[in-house]
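Here are my notes on this one, written as numbered points so you can check each against the coordinates. Have the viewer open while you read.

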Amino acid sequence: MPHVPEPEEDDLDAIAPPQPVFHVEQALLGALLLDPHRLSDVTGIAADSFSTPAHAALFAAISTLPPPDPAEHAKNTKWLDQVLATGREQARGLTASYLHTLVQVCPWPRHAPAYARMVEAEHARRRLQTAAERLTQIVNDASLPHPVETVLAEADALAAVVDDITSRFPPRAGVLPRTAAPPPAITTDHTEAAEEEQLLLATATAHPADIESVRWLLPDDLTRPLHAGLWQCLTALARRREPVDPVTVLWEAQQRGLLDNASEPSKVLRLLAEPAGSVEHWAERALQRSLLATADHAGRRISAYAGDPANTPFQLVVGARRSLADIRAVRTRWQHATGTVPPPRPRPAPATRAGPPTTTAAHAARAARATR
């Protein structure tokens, strides 16, 4: 059971103060202990919605035990004793004095539905943060035999959490998270990436006819600005059906302002002069790195949003959806590149809303208006 230190206790700095949701959970449980019939007004939460095992055990006990007779409950503690005994089966540290504390700290038992909504919102935030952190962990797991497939499956799991939160907290237009997005932090082997991108550029220069087959690769997929710029040069020359060789690419690079002290002409010519393998192979490798980096950054963004308690569930939904859209865009290109188009992921049914009348008279009225 969470322990709130008394002012006279030592080492207060070593004990983090309870978060606001802890006090909200106390108020909710106190309301239910005081007026058990209010459980019917509490929706959207379960035992695992609570932030501590003790609170979860108490809510589970309150939810499973038959409610007492109001008159009897006002005269004795028989039902409270049953709640305590049942709760102790899951949280042995529970005491009768803590139940008394919960009753004492509840401001207004009739506010139980509002307290429950707050608990639900905080639980949604924790779920989202856990799913986002799981995605970044998977992205950075170098032992995965099939990294793209595994990462996309984890992204789907994260999207399912977002969908569930959306059904509970429909987003409001224009409400964005306040939290600044963290910079990309995926641990990439930059040397390997640079070497493979150089091979891509050189091979595409040697075989420009193959550029058309990798239209799904974008400059932003490459890790270095010079490489991204040279890929733009190659695709532009191929699109205009102009001659492609190291010299024409170099001239195009100059026209685009890509050459500087770090990109000397001789260096660019050497970079484009050593083809190997196929354009499709190196392009697919670059796209795979881009997909993993995008998933990593999206996971970190969502985790940062969810880690900021100032963000409401509505803001979390908007921010998470935008981040997942980045993964979806790269994923679509990956499917075009590899020829793999999985079945669409099932999405939850939309929330029920009041709609137009569906009676026969209503249909007849609409048909009459359509013929006018």
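**Notes on the model**

1. Confidence to begin with: the mean pLDDT of the chain is 87, and 85% of the residues reach 70 or more. Here pLDDT is the predictor's confidence in each residue, from 0 to 100. This is a predicted model, so local features need pLDDT of at least 70 and side-chain atom pairs count only at pLDDT 80 or more, while totals for chains, interfaces and linings use all residues. Numbering runs from 1 along each chain as its sequence is written, and side-chain values use heavy atoms, with hydrogens and water left out.

2. Two stretches to treat with care. Over residues 7-13, pLDDT stays under 50, and the model has four contacts for them beyond four places in sequence. Residues 350-372 also stay under 50, again with four contacts beyond four places in sequence. Contact here means heavy atoms within 4.5 Å.

3. The overall layout is easy to state: 14 helices and zero strands. Both come from DSSP runs, numbered from the N terminus (helices are H or I, at least four residues; strands are E, at least two). Of the 372 residues, 40% count as buried. The cut-offs are under 20% relative accessible area for buried, over 50% for exposed and partly exposed in between, with a 1.4 Å probe and protein chains only. Among contacts between residues at least 6 apart in sequence, 74% join residues at least 24 apart.

4. For the surface, the accessible total is about 20,700 Å², with 55% belonging to carbon and sulfur atoms. That comes from the Shrake-Rupley method with a 1.4 Å probe, and for residues only the protein chains shown count as cover.

5. Now the inside. The largest nonpolar core has 63 residues, and Leu128 and Trp231 have the most contacts inside it. Helix α12 (279-306) is among the elements that each supply at least two of its residues, and α12 gives the most, with twelve. A second, separate core has 32 residues, including Ala31, Leu33, Phe59 and Leu102. A nonpolar core is a set of buried Ala, Val, Leu, Ile, Met, Phe, Trp, Tyr and Cys residues joined through side-chain atoms within 4.5 Å.

6. Try zooming in on Trp231. Leaving out residues up to four places away in sequence, Trp231 touches Leu200, Leu201, Ala204, Ile211, Val214, Leu217, Leu218, Pro219 and Leu222.

7. Which side chains make polar contacts with the side chain of aspartate 221? Serine 290 is one, at 2.6 Å, and arginine 333 is another, at 2.6 Å. A polar contact is a pair of N or O atoms within 3.5 Å; within protein, one must be able to donate a hydrogen and the other to accept it, and residues adjacent in sequence count only if both atoms are side-chain atoms. Aspartate 221 is in the loop between α8 (190-206) and α9 (225-239), and counts as buried because its relative accessible area is 5%. Beyond four places in sequence, its neighbours include Glu197, Trp216, Ala286 and Leu287.

8. Another charged residue to look at is arginine 301, in helix α12. Arginine 301 counts as buried because its relative accessibility is 11%. Leaving aside neighbours within four places in sequence, arginine 301 is in contact with Ala181, Pro182, Arg322, Ser323 and Asp326.

9. Helix α10 has two faces worth viewing. Val249, Leu250, Glu252 and Ala253 are buried, and they sit on the same side of α10 because they cover an arc of only 165 degrees around the axis. The arc is that of the directions from the helix axis to the C-beta atoms. The buried residues pack against α8, α9 and α11, whereas the face turned away carries the exposed Val247, Trp251 and Gln255. At the start of α10, a side-chain oxygen of aspartate 245 reaches to within 2.8 Å of the backbone nitrogen of valine 247.

10. Last, a backbone check. Arginine 241 has a positive phi, near 55 degrees. Most residues other than glycine have a negative phi. Arginine 241 lies in the loop between α9 and α10 and counts as exposed because its relative accessibility is 77%. Glycine 257, which follows α10, also has a positive phi, near 70 degrees.
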